[in-house]
Every structure is written in C-alpha cells, then in structure tokens.
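Visitor: I am new to this structure and would like to learn how to read a few of its features. Please take them one at a time.

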Amino acid sequence: MDQEVSKQDMEDTYQPPFHSCIEEGHASCLMCSYNQINGVPVCAQHDLLKKARTEWGFDGYITSDCDAVAIIYEDQKYASSPEDAVADVLKAGMDINCGTYLLRHTQSAVKKGKVREEYIDRALLNLFSVQLRLGLFDGDPENELFGKLGPHDVCTKEHRKLALEAARQGIVLLKNEKKFLPLKKKMVTSLAVIGPTANATSNLGGGYTGIPCNPKSIFDGHRAYIQKSLYASGCLNVSCQSDEGFEEAVHVAKMTDVVVMVAGLDLTQETEDHDRVSLLLPGKQMDLVSAVARASKRPIVLILIGGGPLDVSFARDDPLIASIMWVGYPGEAGGKAVAEVIFGEFNPGGRLPVTWYPESFTRVPMNDMSMRADPSRGYPGRTYRFYTGEVVYGFGYGLSYSKYSYKFLSVPDRISLSGSLVNANPNNRLAYERKYGLSYIHIDDVASCDALRFYIQISVVNNGDMDGSHVVMLFSRAATMLKGAPLKQLIGFKRVHTVAYKAIETSILIDPCKHLSMANDAGLRVLSLGAHVLMLEGVEQPILIEK
C-alpha cells in the first residue's frame, strides 16, 4: 500500500517516535516496513534511512520487515527485477532483511553491477558492530552478563510480582457512577462473573505473548474474594454470533448481589494480520451486556478486554452500568489485578493510551494518513492533537478512587530567545518571519536548544481517602494558533505515588524546541512567539516566548 504523507505530518507525527527511540532509548536496530511512502518503498527510502544516522545519531543496523524486500519486486512492482530490489534497499542503507531475498539475489546483483561491494561492506560493519557491542565474540557466552539465564529464571517470584504490578498499573477506570466501586467485601454475599472470556486465561495475553506462569482468570480472581461466586459465559465465544447463552447469564445475574460483566476482544478479533472493521463490541456482546444489566439487582460493573479502542457509548450512557474498566490484555496476573481494583486493594491510576472514537470513525478511510482535520471534505483529523469530532473517551482519560488537584509551583513567566538565535537580523529567515499574521522562529535557527530547557515544579494533592498511584500528564498549546497547529500536545507524564489527603511534588522537563514547537507546511519545525499555555487537568499556566 502506498501512503501519501505530507512533510508536515512526517516531521511532527510519524517520525518523532523513531527519533525518540534512537536519541533517548539508544535503539541499536531499526526495521523498515512493507508499505510505500509517497511512491517509494520504505526500505528503499534513502533520505529516510540516512536521516536516522546523520541527524538522529543512529548507530546500529537496519533490517527489513519479513519479506519486505521481496514485495518491492513481486507485489509492488517498484523494482524491475529481484536484483534491482536488492540494489534499491542496500543503496538506501538497509543492512539485512528478514527473509531470504538478499541471500538468494545479492550475489547476482553484484555480478550484474547493480550492487557495489562497498554497500555490502557497510552492511556487514553495521551488523558486526552491534554483535561486538553485545560481546558475542568475547568467548564463552556463559561467562557474559546474561550467559547463565535459563528456564529457571522465567517464573521467579520477582517476575510474577512484576507481572502483577504491570497489570495493576495498566487498568483504566472509565466510569464509576456514585462511587459504586470499590466494593466492600463484607457487604457482598454473592457475585456473578459473566462473559465469554470471564473464566478463560488464554485471552489475557495479546499477540506474541509468551507462556504465562500459573495464570488465573478474572472469575478465579473474584472467587478468591467472594466464596459464593457464579459464572456464566453468555456467549459461546468472543464473536458472540448467537444469544443461546443469554438465558443462563440473565438467570445467574438475578441470583447474585453484584454482577461483573466481562466483554471485549481477543485474538480472533485483532492481530497483526487481521484488522477489525468495527469499533463496536463483537457480535451480540452489546445485547448480552444490556440484558444482564437489566436483570441485575444493582447496576453492574463492565470489564473490557482488548488492545484497541471500543465504542461503548451505550454503556457509558446507561445508568444500569455503574462502572467501566478497561484492562487491555493484562497477562497472567490480570485476574488477580482486576479483583484487587474492584475490591479496593489497589487504587486505579491508568490512562488511555489512545483516543476511543465512535463507530462513525470507521467511515474515515484507513489509508488516509493526514493528521490535520479538513472540514471541506468532511475529514475529522486523527489523534487527540488534531481530531475535531466526538469521542467516546479521550486520550489520557482515566479515573481513580481519589480526586486529584494540581498546582504549578515553579514556572518561568517568559522565555527570552535573545542571544539564542544564529542570526538576530529580523529581515533574515534565520531569525524571524511573519506568516499568516503570526510571528515565529525556525528551530534550526536556535543556537542551542539545550540552553532553553527548564523544569517546572508541580504539586499533586490526593484529596481522597485512599493512597494511590497517579499519572500526571502535562500538555501545551499555543495561545495564538499557527495554521495547522495541534489543538494541544503532550509534553510529558510522570507516575507518582500519592498518600491520602496529602500533597506530593514532582517535576517535568520542558524543551521548548521540542515540546512547544510544531512543523509547518514545509516540514520545518517552528516555535511560535508569544503566549503558550501549559495545561494540567483543570489548571492552566501561561508562559511567554519572546525574541
């Protein structure tokens, strides 16, 4: 598939994650993908692969996705022969491919003069440099740092503890009407756990998951708290094409004090090679949830499993559904972690990592890579930064059993760029431009972005009666918007542990060149002069950037 991507979107949306992985995460391997960008296969994009090394400081090897070289000739018809496909990717800077295409066709490409040996030398240098850094040629591997790791290191106490903590932190509370949760164990005499995956463990891990260590289902987790716990599947499987099990589920719901409904997705619905075509719950799951909610003595708790967003606006707006919790694919300890949250042994603090769009968003062409909204063609944009339509739940949304408040403790009133520019001549592009009636400077014209960095201090107050882990998210927006500017953008986040009715202080680093800038139409990063706004939930703090 060929994606048309603007220079603007490449610079401020599609490239930054890779840039960060290289610059901040020190990645030693990159993988180029199957698709084409603006007519050129990614593995053959010399400018893109070169940028990683020359501008971002990448020091490692570049591999293709599996058979991504083969499709350049066999499917995309970009190259006129297998040898040309090999030549295209080696010249572009790819070092090795996942598959056999280079193995089968590189020698022929060299003989035909399509590939110079210097490209092969470069690829070998990049590959062996990483292997040398890993110590693979330093003698007996067992004498190296990780040389004695084996099966006995997999299901250790420390690893099981980590799996539980990861599951806890990943739980996102989306709804909790009238503080229905947490449940008080002494007040619950019977409990129903209903749903096609409620008593299964195979669905708790996502794609490429390993073999879990003694996994427990969500039903198992709740049964450890309430002795009289009943289970009904409601549907034969996640696809839920029949209502055959509804009657049993409704009967079980009527018999118990509290109902926990487990719905959502599994790997029959979403995998690397299987796209969903709807954001709604699969099959008749929505009908099952509503039927159980109507039958229950009290409003129910809805647990959502799955890796992608779901349009559960029906449940969000239903007073018979008191609480909604998204748990992702929580892994081997997911059953225990969910029960801990429901019974108040852990205060949820997770945040949604993506925006949850309504079902109508499925009408937006999936191959339209434009980020900015375009009202002239009814295009709503993508992600929290640019999307202008209605949402089910927004990026970063997440409730807690505590209420939190924030205060900016230390923020500079203004940032002066005086003396920080390469050329202070206002008539020169290197210092100053006016466009669309607004002022900005090019980031490339800042002599030292490091010199402009600063920390802000934030006070976080837990106003509830439970200690809790809490994620502080700091956003920014320019008060006067340049054309194509984000509605807001995330500067950074930090998880802090809070104590009931007490405050804690934390800090977040702001790099104006990175966090307060945007890309213009030409794909150049610019920093708007004038007022910017730093935003925490319910609190805003202006900061002035002046020349």
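Guide: Start with a term for helix pairs: angles under 35 degrees count as roughly parallel, over 145 as roughly antiparallel, 65 to 115 as roughly perpendicular and the rest as oblique. This is a predicted model, in which local features need pLDDT of at least 70, side-chain atom pairs count only at pLDDT 80 or more, and totals for chains, interfaces and linings use all residues. Residues are numbered from 1 along each chain as its sequence is written, and side-chain values use heavy atoms, with hydrogens and water left out.

Visitor: At what angle do helix H8 and helix H13 pack?

Guide: Two packed helices are described by the angle between their axes and the distance between the axes. Axes are lines fitted to C-alpha atoms, for helices over the stretch in contact, and angles run from 0 to 180 degrees between N-to-C directions. Helices (H or I, at least four residues) and strands (E, at least two) are DSSP runs, numbered from the N terminus. Here H8 (residues 157-170) and H13 (residues 334-342) pack at about 50°, with axes 9 Å apart. The two are therefore oblique to each other.

Visitor: Which residues of H8 and H13 meet?

Guide: Contact means heavy atoms within 4.5 Å. On the H8 side are Leu164, Ala167 and Arg168; on the H13 side are Gly334, Lys336, Ala337 and Glu340.

Visitor: How do the axes of H1 and H2 cross?

Guide: They come within 6 Å and cross at roughly 45°, so H1 and H2 are oblique as well. Met10, Glu11, Asp12, Thr13 and Tyr14 of H1 meet Pro16, Pro17 and Phe18 of H2.

Visitor: Which residues of H1 are buried?

Guide: Buried means under 20% relative accessible area, exposed over 50%, partly exposed in between (1.4 Å probe, protein chains only). In H1 (residues 7-14), the buried residues are Gln8, Asp9, Met10, Asp12 and Thr13. Their cover includes H2 (16-23), helix H3 (46-54), helix H14 (383-386), strand S20 (517-519) and strand S21 (525-528).

Visitor: Where is proline 182 found?

Guide: Proline 182 is in the loop between strand S6 (172-176) and strand S7 (191-194). The peptide bond leading to it from leucine 181 is cis, with omega near 5°. The loop between S6 and S7 also holds lysine 178, which has a positive phi of about 55° although it is not a glycine.

Visitor: Is lysine 178 buried or exposed?

Guide: Lysine 178 counts as exposed because its relative accessibility is 82%.
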